[in-house]
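Please open the model in your viewer and keep the selection tool handy. We will walk through the sheets, then the helices on them, and finish with the empty spaces.

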Amino acid sequence: MPPVRVAIVDIGTNSTRLLVADVSLDGHVSEIVRRSTVTRLGEGVDASGELAAPAMDRVFAVLSDYRRAIDEHRAQANLAVLTSAVRDATNGAQFTARVRADFGLDARTLAGDEEAALTFLGATSERDESDEPIVVIDIGGGSTEFIIGAGRQASFHVSTQAGVVRMSERHIDSDPPRPEELQDLEADTHSVFLAALPAAERARVTAGIAVAGTATSAAAIELELEPYDPARVHGHQLLLASVELLLARLADMTDAERRQIAGLQPDRAPTIVAGMILLAESMRAFGLDGVEVSEHDILRGGALRLAGLG
């Protein structure tokens with residue numbers, strides 16, 4: 001049978017992303033279109049409890065463009081997944097309804113269980129099956145997810161209220177950030193992660209995969225990629241020591257200076273310092289000296305699920 005062409009939209013707290021792909025019956029995913037735009041949907045949600053109109057408008061503008069791409073490439077089915085910011089917002093249901101009605105997308109606000117399952121499925125989809133317990137680290141704008149499992153099956157997951165937008169808004173008011181702001185952000189992150197992660201689960205993990213924009217940006221900066229090259233980022237081994245060096249370098253810069261860094265999408269400059277802290281604390285929580293960076297995340301998991309393979 002021919003492959004199924006699907007379109008997945010991930011409407012996250014910090015970015016809105018699109019994947020159009022052909023999925024074969026054996027689970028091979030051939031990417032046709034992949035786009036990512038920083039839309040900051042979760043801006044202010046931590047303080048106000050609701051999605052702001054300008055933030056929603058930014059997402060709607062991007063979705064108009066994505067809808068044209070979906071139609072141009074004749075996707076047979078689509079799915080739009082909405083996660084942390086929309087789950088947390090008092091007007092999240094209304095936003096989801098508008099995404100569904102105005103853009104013809106099968107929009108679903110995912111519960112934590114389903115988000116974890118799709119992320120783990122995507123991250124492990126092309127890996128050899130193994131009994132080795134691994135953790136998938138997914139640092140988002142509003143939350144960080146940890147999914148532990150072996151083979152293709154997740155056995156534990158938790159969503160923590162610590163993401164790059166949320167933590168930046170809570171702790172960073174200066175440009176560049178003051179040392180005490182960084183210390184407070186690090187202490188807050190450390191506390192949130194350890195409270196959410198049982199010691200027994202942390203102890204059994206032997207390796208980690210890091211997905212999403214913070215991890216891929218760290219890899220791209222280390223590799224000095226200009227332009228961005230997903231083939232070189234995918235599978236890159238990122239050491240904790242490298243993340244610590246990147247943090248020291250980026251935290252010493254102004255926002256304007258960070259926007260000039262090779263490998264860093266300029267719109268990620270305001271939140272990348274918090275991202276490096278979250279990534280370093282994630283690795284320390286599991287005693288990992290390094291992680292494998294993966295381009296395969298909830299978009300790929302959603303594509304496999306939509307094609308009936310997950």
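Two strands count as paired if DSSP finds at least two bridges between them. Helices (H or I, at least four residues) and strands (E, at least two) are DSSP runs, numbered from the N terminus. You are looking at a predicted model, in which local features need pLDDT of at least 70, side-chain atom pairs count only at pLDDT 80 or more, and totals for chains, interfaces and linings use all residues. Residues are numbered from 1 along each chain as its sequence is written, and side-chain values use heavy atoms, with hydrogens and water left out.

**Stop 1: the five-stranded sheet**

Start by selecting β1 to β5. These five strands make an open sheet with mixed pairing, in the order β3-β2-β1-β4-β5. Its edge strands are β3 and β5 (107–109), each of which pairs on one side only. Neighbouring strands here are turned by 15 degrees against each other on average, direction ignored. For angles, axes are lines fitted to C-alpha atoms (for helices over the stretch in contact), and values run from 0 to 180 degrees between N-to-C directions.

Now zoom in on β1 (residues 4–11). How many bridges join β1 to β2? There are eight, and the two strands pair in the antiparallel sense. To find one of these pairs, select Ala-7, whose bridge partner in β2 is Val-20.

Next, add helix α2 (residues 53–72). This helix packs on the sheet and touches β1, β2, β3 and β4 (77–82), where contact means heavy atoms within 4.5 Å. The direction of α2 makes about 15 degrees with that of β2. Then show helix α4 (residues 92–103), which lies across β1, β4 and β5 and runs at about 160 degrees to β5.

**Stop 2: the six-stranded sheet**

Move on to the other sheet, which is open and has six strands in the order β8-β7-β6-β9-β11-β10, again with mixed pairing. β8 (153–160) and β10 stand at the edges with a single partner strand each, so one side of each has no neighbour in the sheet. From one strand to the next, the twist averages 25 degrees.

Keep this sheet on screen and add α9 (213–223). α9 packs on the sheet, touching β6, β9, β10 and β11, and its direction makes about 90 degrees with that of β10. Is α9 mostly covered or uncovered? It is mostly covered, with nine of its 11 residues buried (under 20% relative accessible area with a 1.4 Å probe, protein chains only; exposed is over 50%, partly exposed in between). Among those buried residues are Gly-213, Thr-214 and Ile-221. Just after α9 comes Glu-224, with a positive phi near 55 degrees.

Now pick β11 (residues 290–293). Val-291 and Val-293 form its covered face, while Gly-290 and Glu-292 form the uncovered one. Two bridges join β11 to β9 (residues 207–211) in parallel, and three join β11 to β10 (residues 237–239), running antiparallel. Select Glu-292 to see both connections: this residue is the bridge partner of Ile-209 and also of Gln-237.

**Stop 3: the largest pocket**

Switch to a surface view. On a 1 Å grid over the protein atoms alone, a cavity is a set of points where a 1.4 Å probe fits but cannot get out, and a pocket is an open set with protein on both sides within 12 Å along at least five of seven lines; lining residues have an atom within 4 Å of a point. Grid points are joined across faces, edges and corners, and a volume is the space filled by probe spheres set on the points.

The largest pocket has a volume of about 760 Å³. It is lined by 39 residues, and Arg-17, Ser-36, Ala-212, Gly-213 and Arg-268 lie nearest its centre. β2 (15–23), β3 (29–38), β6 (134–139) and α9 each give two or more residues to this lining. The largest share, four residues, comes from α9.

**Stop 4: the cavities**

Finally, look for the two cavities of 30 Å³ or more. The largest cavity has a volume of about 60 Å³, and its lining includes Thr-13, Asp-88 and Arg-166. α1 (45–48), α3 (84–88) and α6 (164–171) each give two or more residues to this lining. The second largest cavity has a volume of about 40 Å³. Select Asn-14, Val-164, Gly-213, Thr-214, Arg-268, Thr-271 and Ile-272 to show its lining.
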